[in-house]
Amino acid sequence: MTENSRVQAASTPSDQGDRAAAAESGAPSGGWGDLFSKQYAAQASIMAGGVALYAMNLYFTAALLPSIVEDIGGARFYAWVATGFLIAAVTAAMLVSRLLARFGPSRSYLTGFLVFAAGAGLTAASPSMETLIVGRIVQGLGGGLMAGLGYAVIRTALPERLWTRAAGLVSAMWGVGTLVGPSLGGLFAELNAWRGSYVLLMVAALVLAVLARRSLPGPAGSARAVEPLPLPSLLLLTLAAGAFSISSTVPRGWATALCIVLGLALLAGFLLVERRGSATVLPKLTYRRGNHLKWIYLTVAVYCTGVMTETFIPLFGQELGGLSPLAAGFLGATVSVGWTSAQLFSVNLRSDRARSLAVRVGPAVLTAGLLAYGLLQTSPASGGRVLLWAVVLVIGGTGIGAAFPHLSVTAMRSTDDEVEGAKAAAGLNTTQLIAFTVSSALAGTLVSFGGDSTLDGARYMVFGLGALTVFGTATAALSLRRARAQGPSDSP
């Protein structure tokens, strides 16, 4: 019997019991009604809410920064507001599985929400940019925990029949953050009330903290040894994230290239240490020959590369399409619109063949959307041309949404060991954060190749990132082949 066959066999009795309970309560077993039934609504809201807070915070802070600088100064530290948050989030995300093993879902989420709330409160009260950056770092620590727990707790808090829908819900919150974040930030900026936005975040985090304490399970009943911290891996990965982040703040040219090369070298060192270490950030299964988990993570990284085009699409919309800042912001969210919408349909796929097809074609659809967007670039762009941009970007986003929930669940089912299973789920978020950092820095570098020409910069970025997403077709196929080789229950 394969490892994942054991997972399926072990989970079947309890899952059957959950199905019976759902049937008795009148909720459709395994459907959206089941997920948001009285029994599971609080857990689903906590997991979705944590990721939504993290994602919205990323996007509306960018919209608020001009108002913040005008109020408290510190323009020279502008880039560090995002860089400090991101590095802290990556570091915290790597601790999720150990926090879960020691304290359980309830106290782990409580920690994440309270730390995030403390950071938001400090940011709101900041008298200077230096203090604000400290607050953002504290927010990043809490945010990294919240985002990682969103995937990791699915295994513990919900029955297996709801994993796919829950993974789709959590993943969709990134898209929701992209949609709501810019508009919310713009609203507070218009009202000249940037401090109030962080107070609102603090209150939301505190409400979710109370809900988590009441609704989620505590530590496992039996004592379980917690794996020691993999300090060399943590240090290398944090330094790599820092190098990639700093590459977007240094003068363009050799300094940028040096930061990216240094980041890649540190990332390679991280993988080498992980393969040989006894304590690891990612599950040991990731580095086992023949296991498909590594291909899942690489495919997730490819999708994140496509998503990071949204960072610059509003700029292209304004300078090439003549859009207003608000309209350009919504254009920048079109990839996430496709991502979120496709997930609502993809989670309903029942057959293994349909789910496997979604995983296989997703990267190709994403690549096609990005390349079409690049080919449609022109200056100045007519209203019809801008509309075509939106259409092809939505199509590209559907490639992400079609596959992402099934990749997430496959990672969760990769082992029957609770600690390694939590690692596998949390590893999805760690992979996302690292991929966002790397691709964001790369996108900035590619845009700079265009010099004073926004049109050339747009083409360099879109075609450069599109070339990387091509590799997702290979990694997706390998994840499916490896899954079939290990057992039917591994396949999406």
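Exposed means over 50% relative accessible area, and buried means under 20%. With that in hand, here's a quick tour of a predicted model. The protein has 20 helices and zero strands, and 57% of its 492 residues are buried.

**Overall picture**
- Take the contacts between residues at least 6 apart in sequence: 82% of them join residues at least 24 apart.
- The accessible surface adds up to about 19,000 Å², and carbon and sulfur atoms own 66% of that.
- If you're setting up bonds, note that the structure holds zero disulfides.
- Cys259 is buried because its relative accessible area is 14%, under the 20% cut-off.
- Cys304 is buried too, with a relative accessible area of 2%.

**Helix H9**
- H9 runs over residues 194-215, so to speak a 22-residue rod: its first and last C-alpha are 32 Å apart, close to the 32 Å expected at 1.5 Å a residue.- Its buried residues are Trp194, Ser197, Tyr198, Leu201, Ala205, Leu208, Ala209 and Ala212.
- Those residues sit on the same side of H9, because they cover an arc of only 120 degrees around the axis.
- Val207 and Arg214, on the other side of H9, are exposed.
- What covers the buried residues of H9? The cover includes helices H3 (41-72), H5 (96-124), H6 (129-152) and H8 (163-190).

**Pro127, in the loop between H5 and H6**
- Pro127 lies in the loop between H5 and H6.
- Is Pro127 buried or exposed? Pro127 counts as exposed because its relative accessibility is 62%, and the cut-off for exposed is over 50%.
- Pro127 and Gly73 are 54 residues apart in sequence, with 9.5 Å from C-alpha to C-alpha in space.

**Helix H19**
- H19 covers residues 454-469, which is 16 residues, and spans 22 Å from its first C-alpha to its last, close to the 22 Å expected at 1.5 Å a residue.
- The buried residues here are Thr454, Leu455, Gly457, Ala458, Met461, Val462, Leu465, Gly466 and Thr469.
- An arc of only 165 degrees around the axis holds them, which means they are on the same side of H19.

**Ser439, in helix H18**
- Ser439 belongs to helix H18, residues 418-448.
- With a relative accessible area of 3%, Ser439 is buried.
- The side chain of Ser439 reaches the backbone oxygen of Ala435 at 2.6 Å.
- Leaving aside residues up to four places away in sequence, Ser439 touches Cys304, Thr305, Met308 and Leu465.
- Two of those neighbours have come up already: Cys304 is buried at 2% relative accessible area, and Leu465 is among the buried residues of H19.

**Ser346, in helix H15**
- Ser346 is part of helix H15, residues 334-346.
- Why does Ser346 count as buried? Its relative accessible area is 5%, and the cut-off for buried is under 20%.
- Where does the side chain of Ser346 reach? The partner is the backbone oxygen of Ala402, at 2.5 Å.
- Ser346 also touches Gly401 and His406 as well as Ala402, again not counting residues up to four places away in sequence.

Conventions. Residues are numbered from 1 along each chain as its sequence is written. This is a predicted model: local features need pLDDT of at least 70, side-chain atom pairs count only at pLDDT 80 or more; totals for chains, interfaces and linings use all residues. Side-chain values use heavy atoms; hydrogens and water are left out. A disulfide is a pair of cysteine sulfur atoms within 2.5 Å. Buried means under 20% relative accessible area, exposed over 50%, partly exposed in between (1.4 Å probe, protein chains only). Helices (H or I, at least four residues) and strands (E, at least two) are DSSP runs, numbered from the N terminus. The expected span of a helix is 1.5 Å times one less than its number of residues. The arc is that of the directions from the helix axis to the C-beta atoms. Contact means heavy atoms within 4.5 Å. Accessible areas come from the Shrake-Rupley method with a 1.4 Å probe; for residues, only the protein chains shown count as cover. A polar contact is a pair of N or O atoms within 3.5 Å; within protein, one must be able to donate a hydrogen and the other to accept it, and residues adjacent in sequence count only if both atoms are side-chain atoms.
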